[in-house]
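Q: Could you take me through this model feature by feature, giving the general idea before each case?

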Amino acid sequence: MKHQFKFQKILDLREREKEEAFAQYEESVKKFEYVAEQLYGLLKKKEELESFQASQLAKGFSIREIRHYQQFIGNLNKTIEHYQRLVITARNRMNWCGEKLKDSNIEMKKYEKMKEKSHLHFMELEKQVENSQLDEMTSVQYFHREGMR
């Protein structure tokens, strides 16, 4: 006789939910990494630009060039602020997806544990039935031998 877990469909559903949560988490991690790399690139570009501007100021720079670089740095700062907000949003999404994945995993583990306990209980019952049948067969054989004497 085969064991049939009564909550198998729910376990399957929880497993699919966990897989979906994992896929969402992976996607959110990729998005976070991408946005963080973009921010890093912008910060590095700003640092290089400021270093270049400082070296040019030491050599002598026209006012027009100074204004041009200041305007460029100002625009770069706005872009950096935008990417900082994107990084915060992406980090929050990644953390939320991580919590959702953890919760899905916990739910699935609960049903797996229930399935394991149910299977052990089924095996115990099957063993009891088997022992009962063996006892009955032994009793029948014993009475059959006693009746022949």
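**Reading a helical chain**

A: Let us begin with a single polar contact, in a model that is predicted: the side chain of Ser28 has a polar atom that lies 2.7 Å from the backbone oxygen of Tyr25. Ser28 itself belongs to helix 1, which covers residues 8-59.

Q: Is Ser28 buried or exposed, and why?

A: The general idea is to compare relative accessible area with a cut-off, and buried means under 20%. Ser28 counts as buried because its relative accessibility is 5%.

Q: Which residues does Ser28 touch, once those up to four places away in sequence are not counted?

A: Setting such sequence neighbours aside shows which more distant parts of the chain meet a residue. For Ser28, the residues touched are Arg93, Met94 and Cys97.

Q: How many helices and strands are there in the protein chain?

A: Secondary structure gives the outline into which single residues can be placed. The protein chain has two helices and zero strands; helix 2 takes in residues 63-148, with Ser104 among them.

Q: What does Ser104 contact, leaving aside its neighbours within four places in sequence, and why does Ser104 count as buried?

A: The same two readings can be made here. With those neighbours left out, Ser104 is in contact with Glu17, Lys18 and Ala21. Ser104 counts as buried because its relative accessibility is 12%, and the cut-off for that class is under 20%.

Q: How far apart are the C-alpha atoms of Val35 and Val87?

A: Here one sets separation along the chain beside separation in space. Val35, whose place is in helix 1, is 52 residues from Val87 along the chain, yet their C-alpha atoms are separated by 5.8 Å. Val87 is also one of the contacts of Val35 when neighbours within four places in sequence are left aside, together with Tyr83 and Leu86. Val35 counts as buried because its relative accessibility is 3%.

Q: What separates the C-alpha atoms of Asn95 and Gln141?

A: The comparison is again one of sequence and space. Asn95 and Gln141 are 46 residues apart along the chain, and their C-alpha atoms are separated by 68 Å. Asn95 has its place in helix 2, and it counts as partly exposed because its relative accessibility is 43%.

Q: How far apart in space are Glu15 and Phe5, C-alpha to C-alpha?

A: Glu15 and Phe5 are ten residues apart in sequence, and the C-alpha distance between them is 15 Å. Glu15 is placed in helix 1 and counts as partly exposed, because its relative accessibility is 33%.

Q: What radius of gyration does the protein chain have, and what would a compact globule of 149 residues have?

A: The idea is to hold the value for a chain against that for a globule. The protein chain has a radius of gyration of 35 Å, whereas a compact globule of 149 residues would have one near 15 Å. The C-alpha trace spans about 125 × 25 × 15 Å along its principal axes, and 18% of the 149 residues count as buried.

Q: What share of the contacts between residues at least 6 apart in sequence joins residues at least 24 apart?

A: Contacts can be sorted by sequence separation. In the protein chain, 85% of the contacts between residues at least 6 apart join residues at least 24 apart.

Q: How many positive and negative side chains does the protein chain have?

A: Charges are read both as counts and as places. There are 28 positive and 25 negative side chains, and the centres of the two sets lie 6 Å apart. As for the surface, the protein chain exposes about 12,100 Å², of which carbon and sulfur atoms supply 54%.

Definitions and conventions: Residues numbered from 1 in each chain as written. Predicted model: local features only at pLDDT ≥ 70, side-chain atom pairs only at ≥ 80, totals over all residues. Heavy atoms only, no water. Helix = DSSP H or I, 4+ residues; strand = E, 2+ residues; numbered from the N terminus. Buried < 20%, exposed > 50% of the residue type's maximum accessible area, 1.4 Å probe, protein only. Polar contact = N/O pair within 3.5 Å; in protein donor to acceptor, adjacent residues only side chain to side chain. Contact = heavy atoms within 4.5 Å. Rg over C-alpha atoms; globule rule 2.2 N^0.38 Å. Areas by Shrake-Rupley, 256 points an atom, 1.4 Å probe, with all protein chains shown as cover. Lys, Arg positive; Asp, Glu negative; His and termini not counted. Charge placed at Lys NZ, Arg CZ, Asp CG, Glu CD.
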